[in-house]
Amino acid sequence: MTVSDEKLQEAIHTLKDSGVRITPQRHAVLEFLLNSMTHPTADEIYKALENKFPNMSVATVYNNLRVFKEIGLVRELTYGDSSSRFDCNTTDHYHVICESCGKIVDFHYPSLNEVESLAEKVTEFDVSHHRMEIYGTCSHCQASMAH
Ligand SMILES: [Zn+2]
Ligand SMILES: [Zn+2]
């Protein structure tokens with residue numbers, strides 16, 4: 001079994017434990033997310049699967065993503081007015097985003113918990129989480145710009 005197969009089995013197990021029915025579409029959306037390293041939008045998932053499931057709508061994809069999100073299998077990343085992206089890597093990590101093609105890549109760095117506690121102390125907020133993003137140009141875009 002590959003790593004993503006193992007992850008898929010694990011995710012299906014989590015769904016079953018939460019009493020969620022595994023439909024073929026739900027299975028396909030989950031599988032696509034786990035194999036995709038690009039943090040796709042619901043629309044991208046829909047387009048990737050529409051040949052396989054001609055009766056599936058974007059709304060179905062959204063509903064499935066909402067279910068996964070409620071169970072904690074995926075994270076939703078919202079970016080202002082553009083559509084949400086979905087991340088099935090729920091371990092702590094940060095994102096670097098390509099300003100040219102919009103690709104989001106994971107990278108690991110120890111969580112900046114000190115910043116959270118400092119923010120809490122200074123502002124007396126009850127801090128729930130933080131988000132940090134690094135912006136730049138991905139290697140693919142750098143290469144195509146050089147031409
Ligand atoms: Zn790029
Ligand atoms: Zn991510």
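Asn89 is found in the loop between β2 and β3, the latter strand covering 94-98. I should say at once that this is a predicted model. Is Asn89 buried or exposed? With a relative accessible area of 16%, Asn89 is buried, because the cut-off for that class is under 20%. Leaving aside neighbours within four places in sequence, Asn89 is in contact with Arg75, Asp106 and His108. For Arg75, the C-alpha atom is separated from that of Asn89 by 7.6 Å, while the two residues are 14 residues apart along the chain.

One of those contacts, Asp106, leads us to the metal site. Which residues supply the protein donors of the zinc ion, ligand 2? They are His39 through NE2, Asp87 through OD, His93 through NE2, His95 through NE2 and Asp106 through OD. These donors lie 2.0 to 2.2 Å from the zinc ion. Along the chain, they follow the spacing H-x47-D-x5-H-x1-H-x10-D. His39 lies in the loop between α2 and α3, and Asp87 in strand β2, residues 82-87, so this pair ties together parts that are 48 residues apart in sequence. Both His39 and Asp87 are buried.

Let me now place the site within the chain as a whole. The chain has six helices and five strands. Read along the sequence, the elements follow the pattern α-α-α-α-β-β-β-β-α-β-α. The C-alpha trace spans about 50 × 50 × 35 Å along its principal axes. Of the 147 residues in the chain, 32% are buried. Among the contacts with a separation of 6 or more, 44% are between residues 24 or more positions apart.

I turn next to the helices, and in particular to α2, α3 and α4. Two packed helices are described by the angle between their axes and by the distance between those axes.

The pair α2 and α3 comes first in this account. These helices pack at an angle of about 115 degrees, with their axes 10 Å apart. That makes α2 roughly perpendicular to α3. Their crossing is right-handed. On the α2 side, the residues that meet the partner helix are Ala28, Val29, Phe32 and Leu33, and on the α3 side they are Glu44, Ile45, Ala48 and Leu49. By class, this contact has seven nonpolar residues, no polar ones and one charged.

The next pair is α3, residues 42-49, with α4, residues 58-71. Here the angle is about 120 degrees and the axes are 9 Å apart. The two helices are therefore oblique to each other. The crossing of α3 and α4 is right-handed. Helix α3 contributes Ala42, Asp43, Ile45 and Tyr46 to the contact, and helix α4 contributes Val58, Val61, Tyr62 and Leu65. The class division is seven nonpolar, no polar and one charged.

What of α2 and α4? The axes of these two helices come within 10 Å and cross at roughly 70 degrees. They are therefore roughly perpendicular to each other. The contact is made by Gln25, Arg26, Val29, Leu30 and Leu33 of α2, and by Thr60, Asn64, Leu65, Val67 and Phe68 of α4. In this contact six residues are nonpolar, three are polar and one is charged.

Some residues recur across these contacts. Val29 and Leu33 of α2 appear in the contact with α3 and again in the contact with α4. Ile45 of α3 takes part in the contact with α2 and in that with α4. Leu65 of α4 is listed in the contact with α3 and in that with α2.

Asn64 deserves a separate word. This residue lies in helix α4. At 3% relative accessibility, Asn64 counts as buried. With which residues is Asn64 in contact, leaving aside its neighbours within four places in sequence? They are Gln25, Arg26 and Val29, and each of these is among the α2 residues in the contact with α4.

I close with a residue at the surface, Glu124. Its place is in the loop between α5, residues 113-123, and β5, residues 133-136. At 73% relative accessibility, Glu124 counts as exposed, because the cut-off for that class is over 50%. The phi of Glu124 is near 60 degrees, a positive value in a residue other than glycine. For comparison, most residues other than glycine have a negative phi.

Conventions
Residues numbered from 1 in each chain as written. Chains lettered and ligands numbered in written order. Predicted model: local features only at pLDDT ≥ 70, side-chain atom pairs only at ≥ 80, totals over all residues. Heavy atoms only, no water. Axes fitted to C-alpha atoms, helices over the stretch in contact; angles between N-to-C directions. Helix = DSSP H or I, 4+ residues; strand = E, 2+ residues; numbered from the N terminus. Parallel < 35°, antiparallel > 145°, perpendicular 65-115°, else oblique. Left-handed = near helix turned anticlockwise from the far one by under 90°. Contact = heavy atoms within 4.5 Å. Nonpolar A, V, L, I, M, F, W, Y, C, P; charged D, E, K, R; others polar. Donors = N, O, S within 2.8 Å, 3.2 Å for Na, K, Ca; no water. Buried < 20%, exposed > 50% of the residue type's maximum accessible area, 1.4 Å probe, protein only.
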